[in-house]
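These are my notebook entries on one protein structure. I set down what I looked up, in the order in which I looked.

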Amino acid sequence: LCIAKTVRHALKHVFPDHWSFLLGEIALYSFIVLVITGTYLALFFNASSANVIYHGSYLPLDGVKMSAAYRSVLHLSFGVWAGLLVRQMHHWAALIFLGAIVAHVVRLFFTAAYRRPREINWMIGLTLLILAIVNGFLGYSLADDLLSGAGLRIAYAITMSIPWIGPWLAFKFLGGTVPSAATIPHFYILHVFVVPGTIVLLIGIHLALVWRQLHTNYPGPRRTNRSIVGTRLWPTYTVRTVGFFFIVVALIAALGGLVQIDPIWIYGPYNPIAIVPGAQPDWYLGWIEGAMRLFPGVNLRIGGYLIPEVFFPAVLFPGIIFGILYLYPFLDKLISRDDQPHNVLRLPYQQPFNTAFGCAVLSGVLVLLCAGGDDVIAVMTGGSVVQIRTILRILVFVIPAFTGLVAYGLCKRLQRRHSSSQSLKVSVAETTFEEKSS
């Protein structure tokens, strides 16, 4: 009887209907596709840096010396049934997973969904974003092709730039100086077991907290901090979310089958003395690449210890950004002096400073993302990389400031318009009441 009552209560759980709440579902369903496709790929992948000679289906590389890891990925792509499809689905699912998390975090920020009692969930979401970025880089590096090798060299330089603990981290996670025989085995363990296991744990905690707390709601009729308007879990929401899951899977499958991504056979095996012209990281790391390209060559020496220039844009700058985001719920609470629980969201125009700050940060990241491909922009426009980089160094300050001011002004204007509209409604209601009374 107690179990039946609990199940009936659970089936009546209400979920909001707004489309923006589907962003979290996209992330969850993409992660499920990642796990399924990753399991299939793991059956054929050889996490070894041992040197071998390739003799396989891809004839242009026949007889070429390469790592066993790279050979196994070539075999996956050309010699395993549906191997290329599954591999490309895995890559596209990773990009969609990260994109959905970013969009979800942005939605939470612009609607102040980080306020009490959701501070912990906000921090869990940011941690999931960081873990997804790390795991994306780990998986991208496992193929041991020329493009991922260039990224691995950059990662080694970034790790070594961390004061005092950098060499230790490089030894533990990269296996020492790259290329190292231990790098791919270490990355494989982290990519397949450690980071995904942590992500699963955090997703479980996140969903448990969402279930335990009331869902947030956008302002509207009958929506208060103690009530929620939406769809019950059974049957409506269940049918809808199952259908949405198949839509996400179908989209990823279509991208995997129709849109080529990461063609490692074109790049060739990793060679420390070679480089791919126009090489770009995936978009979720492009802004860090852009920060490294724009940051001036400044080295700092503290107590006889050299802090190289790469540390500031690649470690300190992202650390400051995520540090501010982690502390933002508490900073908001401190400034507004509002410690009450909130289940009704704030609209972006109702919080001008937050909206302006968020728009400024996003526009700055977009400029850095463009800077990560300044050489490609130079080739496409016929301009000089030096000139383009100089322009971007100016824009990285100008555009965020301009965007923030415009966003703040628009929010204030919408606030005044909304206040005028509310005042007009009140005056009309009072006039109607007076006419009826007379």
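Entry 1. With which side chain does the side chain of Arg 293 make a polar contact? I worked from a predicted model. I found that the partner is the side chain of Asp 374, at 2.5 Å. Arg 293 belongs to helix α11, which covers residues 283-294. I then looked up its exposure: Arg 293 has a relative accessible area of 15%, and it counts as buried because the cut-off is under 20%. Beyond its neighbours within four places in sequence, I listed the contacts of Arg 293, which include Ala 279, Gln 280, Arg 389 and Arg 393.

Entry 2. I turned to the largest nonpolar core and noted 88 residues in it, with Leu 74, Phe 97 and Ile 199 making the most contacts inside it. Helix α4 (residues 83-110) contributes the most to this core, namely 13 residues. I recorded that, in soluble globular proteins, nonpolar side chains tend to be buried together. For Phe 97, leaving aside neighbours within four places in sequence, the contacts are Ala 27, Ser 30, Phe 31, Leu 34, Ala 132 and Ile 199.

Entry 3. I searched for cavities of 30 Å³ or more and obtained 3. The largest cavity holds about 50 Å³ of space. Its lining has 1 nonpolar, 2 polar and 6 charged residues. Helix α12 (residues 311-336) supplies the largest share of that lining, 3 residues. The second largest cavity holds about 40 Å³, and I counted 4 nonpolar, 3 polar and 3 charged residues in its lining. Arg 115, Arg 116 and His 342 are among the residues that line the largest cavity, and they also appear in the lining of the second largest cavity.

Conventions:
Residues are numbered from 1 along each chain as its sequence is written. This is a predicted model: local features need pLDDT of at least 70, side-chain atom pairs count only at pLDDT 80 or more; totals for chains, interfaces and linings use all residues. Side-chain values use heavy atoms; hydrogens and water are left out. A nonpolar core is a set of buried Ala, Val, Leu, Ile, Met, Phe, Trp, Tyr and Cys residues joined through side-chain atoms within 4.5 Å. Buried means under 20% relative accessible area, exposed over 50%, partly exposed in between (1.4 Å probe, protein chains only). Helices (H or I, at least four residues) and strands (E, at least two) are DSSP runs, numbered from the N terminus. Contact means heavy atoms within 4.5 Å. A polar contact is a pair of N or O atoms within 3.5 Å; within protein, one must be able to donate a hydrogen and the other to accept it, and residues adjacent in sequence count only if both atoms are side-chain atoms. On a 1 Å grid over the protein atoms alone, a cavity is a set of points where a 1.4 Å probe fits but cannot get out, and a pocket is an open set with protein on both sides within 12 Å along at least five of seven lines; lining residues have an atom within 4 Å of a point. Grid points are joined across faces, edges and corners, and a volume is the space filled by probe spheres set on the points. Ala, Val, Leu, Ile, Met, Phe, Trp, Tyr, Cys and Pro count as nonpolar, Asp, Glu, Lys and Arg as charged, and the others, Gly among them, as polar.
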